[in-house]
Amino acid sequence: EDGVIYVSVIGEFAQEGDGKIVTLDEATAQPTDYVVGLNDPKGMAVTQHGLFVADVDRICRVVEPGKFE
């Protein structure tokens, strides 16, 4: 989506499942959980096929807010 800022949050080092992707509100910079349950997400890419997240041990595609495969 245009204007959406995505931020990866790795959580505790080597703690599985506590990583997430948040979006930031443009006006207040308040984070909102977008996808939770990742391990240590390191990077992201937006393509015509969606948002892809490089997790510590896999690459995930965000299918919709809150759901990845």
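Here are four short exercises, with worked solutions, on a predicted model.

**Exercise 1. Work out how strands 1, 2 and 3 are joined, and find a bridge partner for S8 and for T23.**

Let's start with the background: strands of a sheet pair through backbone hydrogen bonds, either parallel or antiparallel.

- Step 1. Take strand 1 (residues 5-9) and strand 2 (residues 19-24): they run antiparallel, and five bridges join them.
- Step 2. Pick out S8 and look across to strand 2, where its bridge partner is I21.
- Step 3. Now move on to strand 3 (residues 31-38), which is joined to strand 2 by six bridges, again antiparallel.
- Step 4. Look across from T23 into strand 3, and you'll land on its bridge partner, T32.
- Step 5. Check the turn: strand 2 and strand 3 make a hairpin with six residues between them. In that turn, A29 has a positive phi of about 65 degrees.

**Exercise 2. Find the order of the strands in the open sheet, and say which strands stand at its edges.**

- Step 1. Read off the order: four strands form this open sheet as 4-5-6-7, with antiparallel pairing.
- Step 2. Go to the edges, where you'll find strand 4 (43-47) and strand 7 (67-68). Each has a single partner strand, so one side of each has no neighbour in the sheet.
- Step 3. Look at strand 5 (residues 50-54) and strand 6 (residues 59-64), an antiparallel pair with four bridges.
- Step 4. Find F52, and you'll see R61 of strand 6 standing opposite.

**Exercise 3. Classify the aromatic pair as stacked, tilted or edge-to-face.**

- Step 1. Count: there is one aromatic pair.
- Step 2. Check the geometry of Y6 and Y34: the ring centres are 5.3 Å apart and the planes are at 65 degrees. Planes over 60 degrees apart count as edge-to-face, so that's what this pair is.
- Step 3. Place the rings along the chain: Y6 is in strand 1 and Y34 is in strand 3, 28 residues apart, so the pair links distant parts of the chain.
- Step 4. Ask about the surroundings: both Y6 and Y34 are buried.

**Exercise 4. Describe where F52 sits: is it buried, partly exposed or exposed?**

- Step 1. Locate F52 in strand 5.
- Step 2. Use its relative accessible area of 26%. Buried means under 20% and exposed over 50%, so F52 is partly exposed.
- Step 3. Leave out neighbours within four places in sequence, and the contacts of F52 include M44, T47, I59 and R61.
- Step 4. Compare F52 with I5: they are 47 residues apart in sequence, and 14 Å apart in space, C-alpha to C-alpha.

Conventions: Residues are numbered from 1 along each chain as its sequence is written. This is a predicted model: local features need pLDDT of at least 70, side-chain atom pairs count only at pLDDT 80 or more; totals for chains, interfaces and linings use all residues. Side-chain values use heavy atoms; hydrogens and water are left out. Two strands pair if DSSP finds at least two bridges between them. Helices (H or I, at least four residues) and strands (E, at least two) are DSSP runs, numbered from the N terminus. Rings of Phe, Tyr and Trp (its six-membered ring) pair if their centres lie within 6.5 Å; planes under 30 degrees apart count as stacked, over 60 as edge-to-face and the rest as tilted. Buried means under 20% relative accessible area, exposed over 50%, partly exposed in between (1.4 Å probe, protein chains only). Contact means heavy atoms within 4.5 Å.
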